[in-house]
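Visitor: I am new to this structure and would like to understand the terms used to describe it. Please show it to me, and then let us go through them.

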Amino acid sequence: MKQVILKIDDSAYEQFMGMVSLCPQVEVVSVCQNGDQQLTIDIYVASAIREMRQMQAFRLPSDYVYLMVAMNEGVVKGLPFFYTPKDFLDYMRELNFDGLLGRSTVYDTIAKVQGKYPDWTFSDAPKASEALRRKNLVRLFLSAFVRAQSRKLDGLSDEL
């Protein structure tokens with residue numbers, strides 16, 4: 001079985017649903033509006049961070065900032081963009097992650113990251129293993145984010 005996620009312009013929605021109804025092997029699992037989409041993405045982000053916390057992937061408060069930098073680089077389309085450290089901290093609070101780090105930690109950590117993911121280098125010249133660990137935080141996040149999406153799709157198909 002394949003799962004396909006599509007974006008359909010409102011003007012084409014009725015026609016598309018008509019075509020889908022002609023194929024009994026195709027099942028519409030979920031329909032959401034643009035506003036719902038951001039809420040859903042936030043749920044996936046929160047789920048991914050919780051999973052990473054359970055696996056104790058975050059060793060330092062600054063580790064969360066690498067996720068912010070990756071999101072701002074557009075590593076995953078549709079994830080939030082943070083103009084300031086305050087925006088990132090507010091977002092983390094909205095996801096119910098409090099007391100993580102201060103603004104100065106966010107600024108200092110952002111300043112250490114050079115280049116584009118996955119080719120980041122760090123101005124504080126960490127050992128190779130530490131540089132790899134920082135990059136792997138993003139890989140772990142991406143994997144957990146995809147698992148959160150899969151769980152949601154599996155849950156929706158179970159409900160129908």
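Visitor: Where is the place of Pro 118?

Guide: Pro 118 is in the loop between strand S1 (113-114) and strand S2 (121-122). Strands (E, at least two residues) and helices (H or I, at least four) are DSSP runs, numbered from the N terminus. A cis peptide bond, with omega of about 10°, joins Tyr 117 and Pro 118. Most peptide bonds are trans.

Visitor: What kind of model is this, and how are its residues numbered?

Guide: The model is predicted: local features need pLDDT of at least 70 and side-chain atom pairs count only at pLDDT 80 or more, while totals for chains, interfaces and linings use all residues. Residues are numbered from 1 along each chain as its sequence is written, and side-chain values use heavy atoms, with hydrogens and water left out.

Visitor: What makes Phe 81 and Tyr 83 an edge-to-face pair?

Guide: Rings of Phe, Tyr and Trp (its six-membered ring) pair if their centres lie within 6.5 Å; planes under 30 degrees apart count as stacked, over 60 as edge-to-face and the rest as tilted. The centres of Phe 81 and Tyr 83 are 4.9 Å apart and the planes meet at 65°, so the pair is edge-to-face. By this rule the count comes to 10 aromatic pairs.

Visitor: Why is the pair of Phe 141 and Phe 145 called tilted?

Guide: The ring centres of Phe 141 and Phe 145 are 5.9 Å apart and the planes stand at 35°, so the pair is tilted. Phe 141 and Phe 145 are four residues apart in helix H6 (residues 128-159), about one helical turn. Both Phe 141 and Phe 145 are buried (under 20% relative accessible area; exposed is over 50%, partly exposed in between, with a 1.4 Å probe and protein chains only).

Visitor: Why is Tyr 83 called exposed, and Phe 81 partly exposed?

Guide: Tyr 83 has a relative accessible area of 70%, so it is exposed. Phe 81, at 44%, falls between the two cut-offs and is therefore partly exposed.

Visitor: How do you know that the buried residues of helix H4 line one face?

Guide: The buried residues of H4 (residues 85-94) are Pro 85, Phe 88, Leu 89, Tyr 91 and Met 92. Seen down the axis of H4, they fall within an arc of 160°, so they line one face of the helix. The arc is that of the directions from the helix axis to the C-beta atoms.

Visitor: What is notable about the phi of Asn 96?

Guide: Asn 96 has a positive phi of about 70° although it is not a glycine. Most residues other than glycine have a negative phi. Asn 96 lies in the loop between H4 and helix H5 (103-112), and at 67% relative accessibility it counts as exposed. Ala 125, in the loop between S2 and H6, also is not a glycine and has a positive phi, of about 50°.

Visitor: What makes Arg 134 a charge over the ring of Phe 122?

Guide: A charge sits over a ring if NZ of Lys or CZ of Arg is within 6 Å of the ring centre and within 35 degrees of the ring normal. Arg 134 lies over the face of Phe 122, at 4.8 Å from the ring centre. Ring pairs link Phe 122 with Tyr 66, Tyr 117 and Trp 120 into a cluster.
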